[in-house]
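Colleague: Please choose one part of this model and take me through it closely. I am new to reading structures, so go one step at a time.

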Amino acid sequence: MRRQLPFVLVFLSGFFMIFQYFVPHQKSEFVYEFLLDWLTIIGGFAMALGIWSLIRVSYDRIKRQRENWGYSVITLTGLFLMMFFGITNWEDGSFGVYIYTAEGLSNSMFVHFFDFILIPIQATMFSLLAFFIASAAYRAFRARSVIASLLLLAALIVMMRFNPIFGAWIETVANWLMNVPNLAAQRAIVIGLGLGMVATALKIILGIERGYMGQG
Amino acid sequence: MMFDSPMLLLLTAGSGATVGTYIGLAIIVLGLLALLYTSIKAIEVDRRIVFLFIFVAVSIPILFPITFEEKATPVVKRIFDKIESLPEGSRILLSFDFDPAMAPEVQPMADAVMRHALAKNHRVIFMSLWATGQGLLDRTMQRILPNEFPDKVDGVDFASVGYTAGNEGVLNVIVSDFKKMFPSDANSIPLDSLPVFNRFSSCKDLDLVVTFGGGKPGAKEWVLFVGDKANVPVAVGVAAVVAPQMYPYFPNQVLGIMGGIKGAAEYESELIKHYPQFAEQPTPGMVMMGPQTLAHIVIIAFIVFGNVAYFFGRRREEKP
């Protein structure tokens, strides 16, 4: 039963999803939308589960004073502070807790934490990429073979496209690169991926692939 | 300092150039020449030197702004033309599907498209598939709406439904029933009481969707779950690194693509050309083209130097 029940559920759900896509009907759409509600509920629970998992892992690290446990203190402090500020507001002189409405999101502390901590942190992390990309490009883009030379040339042309100073000719060449070879390769990848997904889905629906049940 | 011709940056520094610009450019050029010399000697450049050059190349145009004349490429102009050609009062949905890390690239195009849609008197619906996107959306609305569009009324000319959890599941629902996923707007006002949502039930009632982002869920999900299913035109504004992945969907499934700062700068230039009132407003896309251009030139130079060092190094090894 432990094996058959999940298989039957997966088979019925998968078959129904295929059926409703190709045979749209009021009744099948009703069931489809009902299942989509479940998706949203599961999404909400997944977020709660993620938060719970973060708290457990961080708490455990602090309790056992593992390496870099101080970062876990900062993680939990940030988490609880943002949660607290996100559901409270005292802008009009009176303190209030808002669980179901969005007043908490305009709490000045919530906004300031987002504007002056999260935004600069994430922007800084992303900005650092420029330095690493420059260093990696210097070391990796070498004309070691014909294929590597082609890659190098294409990369240079596409990069030059972003620079207005190189003129219209480079844009024409770069647009051709993007619209012809890039498009062909990307479409091939997308179609290949799509077919692979269909094949995998069919294997799961038909019970050939049972990895999701912890079996090979 | 404005470069309006496709000539070499270093030779065309116009009369408006500041001393700082010249000094900065001279430092970069002399430094690169010195590195070229070391590369010919087959000496590899230390990565800290690469970092230093990138830092200088990005800093100079920030301290002494350099801007370029931009012209919208067809892939960007199609988005502008679509918004321009829609009759007044059309419903356009702008989805802020990005986080602060992506914001420097994507925010300028979101600003420009928002200004354009509102200036054209379209009804604009804002939303986000990313939790961090709502904060950025709120900031954008607070920054632009009261100052530039004081006559526009929340709920009548525009509305924000904010963020809701569910990723592509959200799209799967709103494509057939928008109010099921968003019963109220970001201010907790029921959508049924807002005029902007009159005779609006699902994404099928939209005239255009413009999504800004680069991650997942984002542009691709909008195309797959909404654009195709609801037969709504979808335009995308994405980080430069994601733009090539969107080309397979262009031009049938994706109306147009704004890729990175360049795409934003092109849209801004087109907007200013048609709506001169926005010439006084910030154009971060065009401003950021300066640092990006110089940084790209430095990276291109380093790629060339790397190959010079590699070539001369190999020749030296081959010599008996």
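Modeller: Two strands are said to pair if DSSP finds at least two bridges between them. Strands here are DSSP runs of E, at least two residues in length, and are numbered from the N terminus. With that in hand, look at strand β7(B), where Gly237(B) is the bridge partner of Phe212(B). Keep in mind that this is a predicted model.

The part to follow is strand β6(B) and the strands beside it. Strand β6 of chain B covers residues 208-213, and strand β7 of chain B covers residues 234-238. Between β6(B) and β7(B) there are 5 bridges, and the pairing is parallel. To get from β6(B) to β7(B), the chain passes through helix α8(B), and this β-α-β crossover is right-handed. The word has a definite meaning: with the strands pointing away from the viewer, the path from the first strand over the helix to the second runs clockwise.

Now turn to the pairing of β6(B) with strand β3(B). Here 6 bridges join β3(B) to β6(B), again in the parallel sense. Two of the residue pairs can be picked out by name. Phe96(B) has Phe212(B) as its bridge partner in β6(B), and Asp97(B) stands opposite Gly213(B). Phe212(B) is thus a bridge partner of Phe96(B) and of Gly237(B) in β7(B).

How much of β6(B) is buried? Of its 6 residues, 6 are buried, so the strand is mostly covered, where buried means under 20% relative accessible area. Its two faces can be taken in turn. One side carries Leu208(B), Val210(B) and Phe212(B), the other carries Val209(B), Thr211(B) and Gly213(B), and these residues are all buried.

Strand β3(B) can be read in the same steps. This strand runs over residues 91-97, and 7 of its 7 residues are buried. Arg91(B), Leu93(B), Ser95(B) and Asp97(B) lie on one side, with Ile92(B), Leu94(B) and Phe96(B) on the other, and both faces are covered. Note that this list of buried residues includes Arg91(B) and Asp97(B).

β3(B) has a further partner in strand β4 of chain B, which covers residues 123-128, and the two pair in the parallel sense over 5 bridges. Within that pairing, Leu94(B) has Phe126(B) as its bridge partner in β4(B). The link from β3(B) to β4(B) goes through helix α4 of chain B, residues 103-119, and this β-α-β crossover is right-handed.

Put together, β3(B) pairs with β4(B) and with β6(B), while β6(B) also pairs with β7(B).

Next, follow the chain out of β6(B). The loop between β6 and α8 of chain B contains Pro217(B). A cis peptide bond joins Lys216(B) to Pro217(B), with omega at about 0 degrees. Most residues other than glycine have a negative phi, and most peptide bonds are trans. A cis peptide bond is also found between Phe250(B) and Pro251(B), where omega is about 5 degrees. Pro251(B) belongs to the loop between α9 (243-246) and β8 (257-259) of chain B.

The other half of that general statement, about phi, can be checked at Asn167(B). Although not a glycine, Asn167(B) has a positive phi of about 50 degrees. Its place is in the loop between β5 (158-163) and α6 (168-174) of chain B. Is Asn167(B) buried or partly exposed? With a relative accessible area of 37%, Asn167(B) is partly exposed, whereas the residues of β6(B) named above are all buried.

Finally, set these strands against the whole chain. Chain B has 11 helices and 8 strands. Buried residues account for 59% of its 320 residues. Among contacts between residues at least 6 apart in sequence, 76% join residues at least 24 apart. The C-alpha atoms of the chain fill a box of roughly 80 × 45 × 30 Å along the principal axes. One residue to look up away from the strands described is Phe311(B), in helix α11, residues 284-318. Phe311(B) is partly exposed, at a relative accessible area of 47%. Its C-alpha atom is separated by 33 Å from that of Ala243(B), and the two residues are 68 apart along the chain.

Note on methods. Residues are numbered from 1 along each chain as its sequence is written. Chains are lettered from A and ligands numbered from 1 in the order in which they are written. This is a predicted model: local features need pLDDT of at least 70, side-chain atom pairs count only at pLDDT 80 or more; totals for chains, interfaces and linings use all residues. Side-chain values use heavy atoms; hydrogens and water are left out. Helices (H or I, at least four residues) and strands (E, at least two) are DSSP runs, numbered from the N terminus. Buried means under 20% relative accessible area, exposed over 50%, partly exposed in between (1.4 Å probe, protein chains only). Contact means heavy atoms within 4.5 Å.
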